Amino acid sequence: LALEKLTDVAKVLVPMAAQGISRFSVTGQRLQSTLILGAMNDSISHGLSSQGAGYESSPLPKRLAMVSGLGHHFCTDFCWIGAEHGGIAAIALAHGILLAHLLAPLADDGCPFVDRRFLSPVRGWNF
């Protein structure tokens with residue numbers, strides 16, 4: 001995990017939709033805390049089942065923050081990019097990128113234009 005290489009320069013590591021930081025790989029002197037961020041409806045990293053394990057493997061002190069009503073892209077602006085055209089995967093398909101449909105589950109996870117049960121990405125940004 002790329003974040004593990006930052007433990008000597010960062011005070012707080014914030015892996016998002018990730019499996020945390022292994023307590024055995026942390027060697028930095030500056031690290032004061034780890035915050036695992038995740039979305040309960042994340043179908044890519046499977047919500048609490050993945051982030052919960054990441055929390056357990058992270059060094060103390062640590063925090064876990066999970067938000068409901070959002071998916072994998074709750075902290076990004078991916079759901080805003082081309083939403084009126086079906087999102088970034090649909091735009092890629094429309095422009096001849098034939099394998100874009102394979103990336104659609106990742107590209108669109110948690111986007112309200114795919115499923116109205118998801119909240120606006122702005123809610124994730126505020127979280």
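Patches are made of residues with over 30% relative accessible area and no salt bridge (a side-chain nitrogen of Lys or Arg within 4 Å of a carboxyl oxygen of Asp or Glu), like charges being joined within 9 Å and nonpolar side chains (Val, Leu, Ile, Met, Phe, Trp, Tyr) within 5 Å. In this predicted model, local features need pLDDT of at least 70 and side-chain atom pairs count only at pLDDT 80 or more, whereas totals for chains, interfaces and linings use all residues. Residues are numbered from 1 along each chain as its sequence is written, and side-chain values use heavy atoms, with hydrogens and water left out.

The protein has 4 helices and 3 strands (DSSP runs numbered from the N terminus, helices being H or I of at least four residues and strands E of at least two), arranged along the sequence as β-β-α-β-α-α-α. Of its 127 residues, 40% count as buried (under 20% relative accessible area, with exposed meaning over 50% and partly exposed in between, for a 1.4 Å probe and protein chains only).

A nonpolar surface patch is formed by Leu98, Leu99, Leu102 and Leu103, which together have about 470 Å² of accessible area (Shrake-Rupley method, 1.4 Å probe, only the protein chains shown counting as cover for residues). Within this patch, Leu99 lies in the loop between helix 2 (87-94) and helix 3 (100-108) and is exposed, its relative accessible area being 58%.

Asp42, located in the loop between strand 2 (33-39) and helix 1 (47-57), is by contrast buried, at 3% relative accessibility.
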